[in-house]
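Colleague: Hi! Could you walk me through this model when you have a minute?
Modeller: Happy to, here it is.

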Amino acid sequence: MRIKKSHNRYLVIILLLLFLSSLFCGQAQAYYPDIGNSTAKYAIIALSDVGIIKGHKDGTFKPNNPITRAEFAVILAGILNLPDQPEKAKHFRDVHSWARGAVGALVNANIVAGKEATFFGADDYLTREDMAVFFVRALGYQQQAESLNLNLPLKDVRYISNYAVRHVAFAYNIGLINGYTNGHFGPRDLSKREQVAHLAYQVYKKRADYTNAANNLIKNHQPVKIFIDPGHGGSDAGAVSPINKIKEKDIALEISLIAAEILEREYAGVVVRLSRTTDVYPTLSERVAMANNWSADYFVSIHHNAGGGTGFESYRYGNNQQTVDLQRQIHTHIATHLQNSYGLRDRGMKTANFYVLRYTSMPAILLELLFLDHAYDASLLQQKSFRQYLAHLVAEAIAKAHGLEKKQYY
Ligand SMILES: [Zn+2]
């Protein structure tokens, strides 16, 4: 009896499974004849079931075709369950009536914007990098994605547009997107309809998982904030070389800009701000206020010396242990390389009561990179390649002292 009973039970289960699978396959057939080989087959069916995705009029889905921005907008608004807001898209002359409600809803939620004031680009195909940007905004992490500087171990990361690279990195790090199996992302490749269906379904079904992953990522990857202060500027030229007339304010700015760019591009987990990016003069108290208000973790002021001497020296204020340790690491890195590669003198680690060192609320250092009134030093500083080398040294020294991780590809 017992055996027979359990046989019956198995039979019932098997019949039930057969019935369910026939239902499922039947539905797939009923939907689209051309999604049988699509990796996103189940996502396409599931989203079709709830009316978020639609096929073509001829009954096909065309999973490998690119998707237009308007088609994408309808899907995105659908998975986010945003009510139609056609009036918010009425300024776009190219948005079809079937997409206007969705585009308006996404514009209103700051998830998408037009390509121009009156042009949405409705019929333009969606690139993969734009798809990543829109999904990150849809999840509500636009600002956080931009403020983190995450490693993105994809081989073509340098080809990702500047406006999209941090969104792609964010989406990658929360497990939402992967590159191709060859390790590339293909930022300008067109998003296929099946790719969008797959991602849309992931977000639709597992939004809370991505939110948790994103919150953990943010908690664990707070970037180190480096503030770089190019000395002088504007009406204050700083030292001017009596030998070749180059000005301290100009080379300090150039080296600072390059060092900042290297830090953010080549290292993960660091963000940089500058006290000036052009030939202007913020007052010393303005420079300090910028760094303090930003809650920078470290302050680096870039200067070039004059007054009879040669080589490199660095300054700190006071003897806070962290300030001393950071100065030692940064100073040693720069001094050793300058000495070994150019025979430049190490003038040592010094202390001084400089305003920007004293009133900054974080550890701070001031670098005096060579002497403008020394013939050998000035001839080096006049060479663009040497200035780039100096910028690299400064960036490397800051990165090393803060234990920054080098990005795998950049
Ligand atoms: Zn100076």
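**Domains and helix packing**

Modeller: The domain assignment splits the protein chain into domain 1 (27-67 + 125-220) and domain 2 (224-406); such bounds come from an automatic or database domain assignment. This is a predicted model, where local features need pLDDT of at least 70, side-chain atom pairs count only at pLDDT 80 or more, and totals for chains, interfaces and linings use all residues. Residues are numbered from 1 along each chain as its sequence is written.

Colleague: How far apart are the C-alpha centres of domain 1 and domain 2?
Modeller: Those centres lie 42 Å apart. The contact takes four residues from domain 1 and six residues from domain 2, where contact means that C-beta atoms, placed from the backbone, lie within 7 Å.

Colleague: And by class, what is on the side of domain 1 that touches domain 2?
Modeller: That side has one nonpolar, three polar and no charged residues. Here Ala, Val, Leu, Ile, Met, Phe, Trp, Tyr, Cys and Pro count as nonpolar, Asp, Glu, Lys and Arg as charged, and the others, Gly among them, as polar.

Colleague: Switching to helices: at what angle do α9 and α14 pack?
Modeller: Helix α9 (residues 248-266) and helix α14 (residues 384-401) pack at about 50°, with axes 8 Å apart. Helices are DSSP runs (H or I, at least four residues; strands are E, at least two), numbered from the N terminus. Axes are lines fitted to C-alpha atoms, for helices over the stretch in contact, and angles run from 0 to 180 degrees between N-to-C directions.

Colleague: What do you call that arrangement of α9 and α14?
Modeller: The angle makes α9 oblique to α14. Angles under 35 degrees count as roughly parallel, over 145 as roughly antiparallel, 65 to 115 as roughly perpendicular and the rest as oblique.

Colleague: Is the crossing of α9 and α14 left-handed or right-handed?
Modeller: Right-handed: a crossing is right-handed if the near helix is turned clockwise from the far one by less than a right angle, and left-handed if anticlockwise. Among the residues in contact are Ile255 and Ile258 of α9 and Leu390 and Val394 of α14. By class, the contact of α9 with α14 has 12 nonpolar, two polar and two charged residues.

Colleague: Now α2 and α8, how do their axes cross?
Modeller: The axes of α2 (residues 41-49) and α8 (residues 193-220) come within 8 Å and cross at roughly 65°, which makes α2 roughly perpendicular to α8. This crossing is left-handed.

Colleague: Which residues of α2 meet α8?
Modeller: Ala43, Ile44, Ala46 and Leu47 do, and their partners in α8 include Tyr201 and Tyr204. The residues of that contact divide into eight nonpolar, one polar and one charged.

Technical notes
Two residues are in contact if their C-beta atoms, placed from the backbone, lie within 7 Å.
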